[in-house]
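Me: I'm new to this structure and would love a close look at one part of it. Could you walk me through a pocket, please?

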Amino acid sequence: MPKKSKTKSVKRQRSDGEQPTPKQSRVEQSNTPAPLCFHSPVSLFESLIHPMGTEQFFMEYWEKKPLHLKRSDSNIASYYQSLFQLSDLQSLCSQGLDYYKDINVVRCINGKKKVLNKDGRVKGSVLNKYLVQNKATIQFHQPQRFKDELWRILEKLECFFGALVGSNIYITPQDSQGLPAHYDDVEVFILQLEGQKHWRLYSPTVPLAAEYSVESEERIGSPTHDIILEAGDVLYFPRGTIHHARTPAGVDHSTHLTLSTYQRMSWGDMLLDIFPGLLFDRSRTEVNLREGMPRGHLLGNSEGLDTSRRLVTGLRSLANEIETGLLEVRSTHMKRDFIMNRLPPYSQQHLLTPCERIPSLEDMVCLRFKDHMVITMEASQQRTDEVTELAVFVLHSLKNQREHHMMGGSDEKDEHDISRGLKFPLSHLQALRQLQKAEQLAVAQLQLPTQEAKLSLVLALWSESLLDVL
């Protein structure tokens, strides 16, 4: 279950050179009342795992063990079915889907995955033959690009987790299995939408795995969980959990939604992110870190030198300065990756434009879309012959394209591109943090030296639709 599909993600062009209309919002939405609460990201997650409490879930299950939430509520079952069903896929095929990019057709045969994809566009009639004649599983990538209610759910979950959330739909005919036993590098929530699915889960061979892998039947042992999911049920299991699933005989077909999150969100990933900045900052003031390595070191001609001790001394010095607060820990790449690739806010377009009233020094203001923005402090260098200086960046996802979500590069920008954000001098950092923490704040109270600087800051945020005037 990849975070972002890297296969065939090039934008398609029509023969006349014009770009096709984005394929979002093409499936009619059901009027089934939602049993999920969309008041806030927290309330959405609470309603998703109800009756399990959020605190209990994270204390006892998150990254630890699977959880099966059995539901016997016809309203929940009806709502889950409205999220996506076989007929939706048929409708979307008539509007343009591609194999590999949008659809995979797979079947598990003798413990191995067989891919049955054709080339080019997907035809609904061919998919029906795959289901009926080949007993193959249809895997539909990132349906939130097309279904509004899934956009609504995933956008709130991305705010809740502070991490990218992807999804796949799996449609499997009776007495068939799509994928062999494997484990993933993501936290997984399964929502059973139609029919039934028989799941077997096994103890991890690699706890909290950092990559996807198929496991042989000889290695996995006996299942720890043997579960039949029915419409309305939820199944959670941590990354690394070995699993496979099969539609039972006598069930016409099964449709389930896989929600996946927390890929590359470990402490190890955080260290990889922050270390370049820490070393950059420390090297500016510590001459020992700027001293050259011995001649021939990269060629292996450094026998007798205590390289390990030299490196340990530098790392210990860094650790001490972090612990005492002398060095600030700055996450940059992880923040940028999240904010540039996540879903835009689920809202009407008019809410993504600046409010009518322009801010003035006498006004009370507050940030809009706080869950959709991050503040980073990083080196700003337009040319290699310029002095490297730190600057503050306010990045946001308001202009992200829903149809590119989790599709592997279509919506990514150069690392220092700020087309979806603003750049400020380092002196503005404290004022930005004031706004980030406060529910509302007087412009005059911003911690900036001049009235001109205060007004310039709020006008810049207002122009990006990130500020409301109260």
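Which helix gives the largest share of the lining of the second largest pocket?

Reply: Happy to help! Please keep in mind that this is a predicted model. The answer is α10, which provides eight residues of the lining of the second largest pocket. On the sequence, you can find α10 at residues 307–323. Two other helices, α8 (267–285) and α9 (287–290), also supply at least two lining residues each.

Now let's look at the pocket as a whole. Its volume is about 590 Å³, and 21 residues line it. To find the middle in the 3D view, look for Asn288, Leu289, Glu291, Arg310 and Leu311, which are the lining residues nearest the pocket's centre. Of these, Asn288 and Leu289 fall within the range of α9, 287–290, while Arg310 and Leu311 fall within that of α10, 307–323.

What kinds of residue make up the lining? Sorted by class, the lining of the second largest pocket has eight nonpolar residues, eight polar ones and five charged ones. Among the residues nearest the centre, Leu289 and Leu311 belong to the nonpolar class, Asn288 is polar, and Glu291 and Arg310 are charged.

If you are wondering how such a space is found, the general idea is simple: a probe the size of a water molecule, rolled over the atoms, shows where empty space is left. To picture this pocket, then, start from α10 with its eight lining residues, and add the contributions of α8 and α9.

Terms used. Residues are numbered from 1 along each chain as its sequence is written. This is a predicted model: local features need pLDDT of at least 70, side-chain atom pairs count only at pLDDT 80 or more; totals for chains, interfaces and linings use all residues. Side-chain values use heavy atoms; hydrogens and water are left out. On a 1 Å grid over the protein atoms alone, a cavity is a set of points where a 1.4 Å probe fits but cannot get out, and a pocket is an open set with protein on both sides within 12 Å along at least five of seven lines; lining residues have an atom within 4 Å of a point. Grid points are joined across faces, edges and corners, and a volume is the space filled by probe spheres set on the points. Helices (H or I, at least four residues) and strands (E, at least two) are DSSP runs, numbered from the N terminus.
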